[in-house]
Amino acid sequence: MITTPAGPEFVKNNGQSGARSGDHTQPGFPGTGSTPIAGAGDRSLAGVDSRTDIREFLATRRARITPQQAGLTTYGGRRRVPGLRREEVAHLAGVSVDYYNRLERGNLGGASDSVLDAIARALHLDEAEHAHLYDLARAANTTSRTRRPRASQQQIRPGVQRILDGLTQMPAIVHNGRLDILSANMLGYALFSPIYVESARPVNHARFVFLDPCASAFYPDWDLAVDSTVDVLRTEAGRNPLDRDLSDLVGELSTRSETFRKRWATHNVRLLRTGLKRYHHPVVGELSLDYETMELPADTGLTLTAYSAQPGTPSHDGLNLLASRAATIDQTHHADTGQTTNHPS
């Protein structure tokens, strides 16, 4: 195995365990296209199932909307359910109560775009949630329910790797919808070196966040990292409900992490496009980095994410130090081994 260019120096402090803190809450990541909502109790889902996803997604969205928010007049009295009743959603969407009941039982098959748009308006869905509803409907209209075979490891095309390597001043990675990190440039490997302590390849961001005790130290805003990770996986589950590897990952995390189970049951989704993330790197300390994501149209499901720091800030200085350390270690590694590549297998 070819070693990660970041080398052991960048993971030397990762033997310590960090307590996971859930005592504080903060607003969602900016620029995500989604606003996380309150939890849905202790319900959990150990895998990916389209009918269950539809039923619980619509129920949790309905539960968060009050009649006042929906513009409905109420006449006092105690309401049996939080949020809107099914018949109220049906009225707002302009469909029959029986038809909406069928939808919320998990049967979106045959629902037209106009009906989906009306439901989205009635439930005040944001962009990410609206797209997720379409994904769930598309999955319901798929004739074959055969789960896909386990996928072979995705390969990064040489042209994409050259783009990564050309980004010498900022960390950059390529990942899929399951949050497998498939490749990176030298600074990307250095930034995410704590994740690469795990020997399995490709490394997976979600497994690190929920199963590695060092994750809470690496992410100062650990609760935000948790929410973001679950929401992205939930979004991917809507796009690809028959992905066996994704289903296995969700099942594994549901079994091994109570935190994941509770977050998964909220059915929150989000689109990570741009924003700010904070890291505590074991070598260079605190880093506040802006990120931009770019889909790779020729490689379906793959996304390139690049990170940068505002010039003149401590984070910018930290990235420069990280780049210098990584380059020094990489040159020493090549001198010792004679290798000409710096990408781990």
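In the predicted model, Y219 is in contact, beyond its neighbours within four places in sequence, with F192, I195, H205, F208, V209, A225, R278 and Y279. Y219 also belongs to the largest nonpolar core, which holds 43 residues and in which F192, Y219 and L233 touch the most other members. Helix 11, spanning residues 222-239, supplies the largest share of this core, namely seven residues. A further core of 26 residues lies apart from this one and includes I65, V95, A118 and A122. In soluble globular proteins, nonpolar side chains tend to be buried together.

Aromatic residues recur around Y219, since ring pairs link F192, F208, F218, Y219, Y279 and Y307 into a cluster. Across the whole structure, a search finds 12 aromatic pairs. One of these, formed by F192 and Y279, is edge-to-face, with 5.7 Å from centre to centre and 90° between the planes. This pair links distant parts of the chain, given that F192 lies in the loop between helix 8 (186-191) and strand 3 (203-204), while Y279 lies in strand 4 (residues 274-281), 87 residues apart. Both partners, F192 and Y279, are buried.

At the level of the whole protein, the secondary structure comprises 14 helices and six strands, and 49% of the 345 residues count as buried. Of the contacts between residues at least 6 apart in sequence, 66% join residues at least 24 apart.

Charged side chains form 20 salt bridges in the model. Among them, R62 and E104 meet with a distance of 2.6 Å from N to O. Because R62 belongs to helix 1 (residues 50-64) and E104 to helix 4 (residues 97-104), this pair ties together parts of the chain that are 42 residues apart in sequence. R62 and E104 are both buried. A second salt bridge joins the side chains of D223 and R263, at 3.6 Å from N to O. Here D223 lies in helix 11 and R263 in helix 13 (residues 258-264), so that parts 40 residues apart in sequence are tied together. The two partners are in unlike surroundings: D223 is buried, with a relative accessible area of 8%, whereas R263 is partly exposed, with a relative accessible area of 22%.

The salt bridge between E252 and R256, whose closest N and O atoms are 3.0 Å apart, is set within a single element, as both residues lie in helix 12 (residues 244-256), four residues apart, or about one turn of the helix. An α-helix has 3.6 residues a turn, so residues three or four places apart point the same way. E252 is partly exposed, with a relative accessible area of 21%, while R256 is exposed, with a relative accessible area of 54%.

Salt bridges also link R61, R64 and E129 in a network, and E129 is one of the buried residues of helix 6, the others being A128, H132, L133, D135, L136, A137 and A139. Helix 6 (residues 127-140) has 14 residues and reaches 20 Å from its first C-alpha to its last, close to the 20 Å expected at 1.5 Å a residue. The buried residues of helix 6 pack against helix 1, helix 5 (113-122) and helix 11. At its N-terminal end, helix 6 is capped by D126, of which a side-chain oxygen lies 3.2 Å from the backbone nitrogen of A128.

A polar residue within a strand offers a further case. S183 is found in strand 2 (residues 180-184), and at 4% relative accessibility S183 counts as buried, because the cut-off is under 20%. The side chain of S183 is joined to that of Q161 by a polar contact of 2.4 Å. Leaving aside neighbours within four places in sequence, the residues in contact with S183 are I156, Q161, L164, I173, V174 and Y189. Q161 thus appears both as the partner of S183 in the polar contact and in the list of residues in contact with S183.

Notes
Residues are numbered from 1 along each chain as its sequence is written. This is a predicted model: local features need pLDDT of at least 70, side-chain atom pairs count only at pLDDT 80 or more; totals for chains, interfaces and linings use all residues. Side-chain values use heavy atoms; hydrogens and water are left out. A nonpolar core is a set of buried Ala, Val, Leu, Ile, Met, Phe, Trp, Tyr and Cys residues joined through side-chain atoms within 4.5 Å. Buried means under 20% relative accessible area, exposed over 50%, partly exposed in between (1.4 Å probe, protein chains only). Helices (H or I, at least four residues) and strands (E, at least two) are DSSP runs, numbered from the N terminus. Contact means heavy atoms within 4.5 Å. A salt bridge is a side-chain nitrogen of Lys or Arg within 4 Å of a carboxyl oxygen of Asp or Glu. The expected span of a helix is 1.5 Å times one less than its number of residues. A polar contact is a pair of N or O atoms within 3.5 Å; within protein, one must be able to donate a hydrogen and the other to accept it, and residues adjacent in sequence count only if both atoms are side-chain atoms. Rings of Phe, Tyr and Trp (its six-membered ring) pair if their centres lie within 6.5 Å; planes under 30 degrees apart count as stacked, over 60 as edge-to-face and the rest as tilted.
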